[in-house]
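Visitor: I would like to go through this structure and ask what lies behind the terms used for it.

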Amino acid sequence: MRTILVPVDGASDNEGLLNTSFEIARTFGAHVEVLHVRADPRDAVPLFGEGMSGDMIEEMVEAADKNALVRANELERLFVRLYSARDYTHTTMPLDQGNAPTVEWRETIGREDEVVAARGRLADMIVTMRPDENASPMRALTLQTALFECGRPVLVLPPKAIIQDIGSHIAIAWNGTPQATRAVQGAMGFLANAEKVSVLTCGTDRTEPDGALELQGYLAWHGVSSSVVDCGTDHNDVGQALMEGCADIGADILVCGAYSHSRLLQTVMGGVTSSLMEQAGLPVLFSH
């Protein structure tokens with residue numbers, strides 16, 4: 001894991017997001033690209049401009065531009081303060097300095113989801129906070145885009161939490177799906193460094209009884225020792241069972257496949273991914 005993409009939107013939880021990302025970079029000697037995308041207010045003119053004079057529209061666009069620039073400057077100052085306190089190096093190119101972490105500030109104008117889709121494909125992992133009422137309205141769309149368009153693992157942090165040290169005890173939600181398989185592959189860097197790894201399994205009609213043991217054997221070939229934890233077969237809400245299982249064993253990160261059912265079905269009927277997105281109290285490394 002050499003490159004980590006971190007989109008920031010100016011919400012109050014961005015400091016925790018950056019602190020966590022910088023500490024992960026320390027673990028892996030990785031490069032963190034902190035990305036802020038300023039929306040172009042001119043794109044919204046067709047939505048609110050009808051019936052307004054050209055002068056009024058131009059005045060609104062200028063005010064929106066000014067506010068966006070102020071927010072971007074505040075974010076960049078936060079970025080500089082946090083990485084400077086760690087004595088990290090700011091660079092846009094790889095440096096010959098061993099495993100020392102590096103950082104980069106990237107700012108652009110456009111749609112956040114589109115920019116993250118393009119940049120995320122060139123990152124080994126994307127880190128973001130879970131959407132909440134204080135976040136940008138674009139954050140939920142950006143998160144979905146990162147999962148479906150980038151082909152990379154996405155680490156989703158719980159809101160309002162400042163988590164600086166994760167990955168000592170990793171739980172894997174295993175059901176044998178391609179999504180879970182990709183999540184395990186994306187988490188290999190974490191798994192290799194973990195002090196403890198637990199494979200969580202919940203008995204459902206979609207889970208093979210011996211699947212957890214088979215994953216345990218696969219991990220052993222990669223030098224990762226693990227234990228199997230049965231979260232039970234009588235729990236109607238698998239997402240809740242996984243969260244309770246993580247709490248019981250003291251896991252500090254959960255590795256999980258995302259949206260093995262369709263996104264629409266999960267939105268309407270609920271599902272494991274939706275449950276974890278809304279309620280998980282620990283970081284979840286998703287992959288689709």
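Visitor: Which element gives the most to the lining of the largest cavity?

Guide: This is a predicted model. In it, α5 gives the most to that lining, with three residues. Helix α5 spans 139–149, and α1 (14–28) and β5 (125–129) also supply at least two residues each.

Visitor: What makes a residue part of the lining of the largest cavity, and which residues are these?

Guide: A lining residue has an atom within 4 Å of a point of the cavity. Pro7, Val8, Asp9, Asn14, Leu17, Glu112, Thr128, Met129, Arg139, Thr142 and Leu143 line the largest cavity. The space inside is about 70 Å³. By class the lining has five nonpolar, three polar and three charged residues.

Visitor: How many cavities of 30 Å³ or more does the structure hold?

Guide: There are two. The second largest has about 30 Å³ of space.

Visitor: What lines the second largest cavity, by residue and by class?

Guide: Its lining consists of Arg130, Val156, Leu157, Pro158, Leu276, Ala280, Leu282, Val284 and Phe286. Two or more of these residues come from each of β6 (154–157) and β11 (284–287). Eight residues of the lining are nonpolar, none is polar and one is charged. Arg counts as charged, so Arg130 in this list is the charged residue.

Visitor: Why are α9 and α11 called oblique to each other?

Guide: Helix α9 (residues 238–249) and helix α11 (residues 272–279) pack at an angle of about 50°. Angles under 35 degrees count as roughly parallel and 65 to 115 as roughly perpendicular. The angle of about 50° is in neither range, and therefore the two helices are oblique to each other. Their axes are 8 Å apart.

Visitor: Which residues make the contact of α9 with α11?

Guide: Helix α9 contributes Val238, Gly239, Gln240, Leu242 and Met243, while Val272, Ser275, Leu276 and Gln279 come from α11. By class, five are nonpolar, four are polar and none is charged. Gly counts as polar, so Gly239 is one of the four.

Visitor: How do you know that β4 is paired with β2 and with β3?

Guide: Two strands pair if there are at least two bridges between them. Strand β2 (residues 31–38) and strand β4 (residues 102–109) have eight bridges, in the parallel sense. Strand β3 (residues 89–90) is joined to β4 by two bridges, and these strands also run parallel. Both pairs therefore meet the cut-off of at least two.

Visitor: What stands opposite Val103 in β4?

Guide: Val32 stands opposite Val103, and so does His90.

Technical notes
Residues are numbered from 1 along each chain as its sequence is written. This is a predicted model: local features need pLDDT of at least 70, side-chain atom pairs count only at pLDDT 80 or more; totals for chains, interfaces and linings use all residues. Side-chain values use heavy atoms; hydrogens and water are left out. Axes are lines fitted to C-alpha atoms, for helices over the stretch in contact, and angles run from 0 to 180 degrees between N-to-C directions. Helices (H or I, at least four residues) and strands (E, at least two) are DSSP runs, numbered from the N terminus. Angles under 35 degrees count as roughly parallel, over 145 as roughly antiparallel, 65 to 115 as roughly perpendicular and the rest as oblique. Contact means heavy atoms within 4.5 Å. On a 1 Å grid over the protein atoms alone, a cavity is a set of points where a 1.4 Å probe fits but cannot get out, and a pocket is an open set with protein on both sides within 12 Å along at least five of seven lines; lining residues have an atom within 4 Å of a point. Grid points are joined across faces, edges and corners, and a volume is the space filled by probe spheres set on the points.
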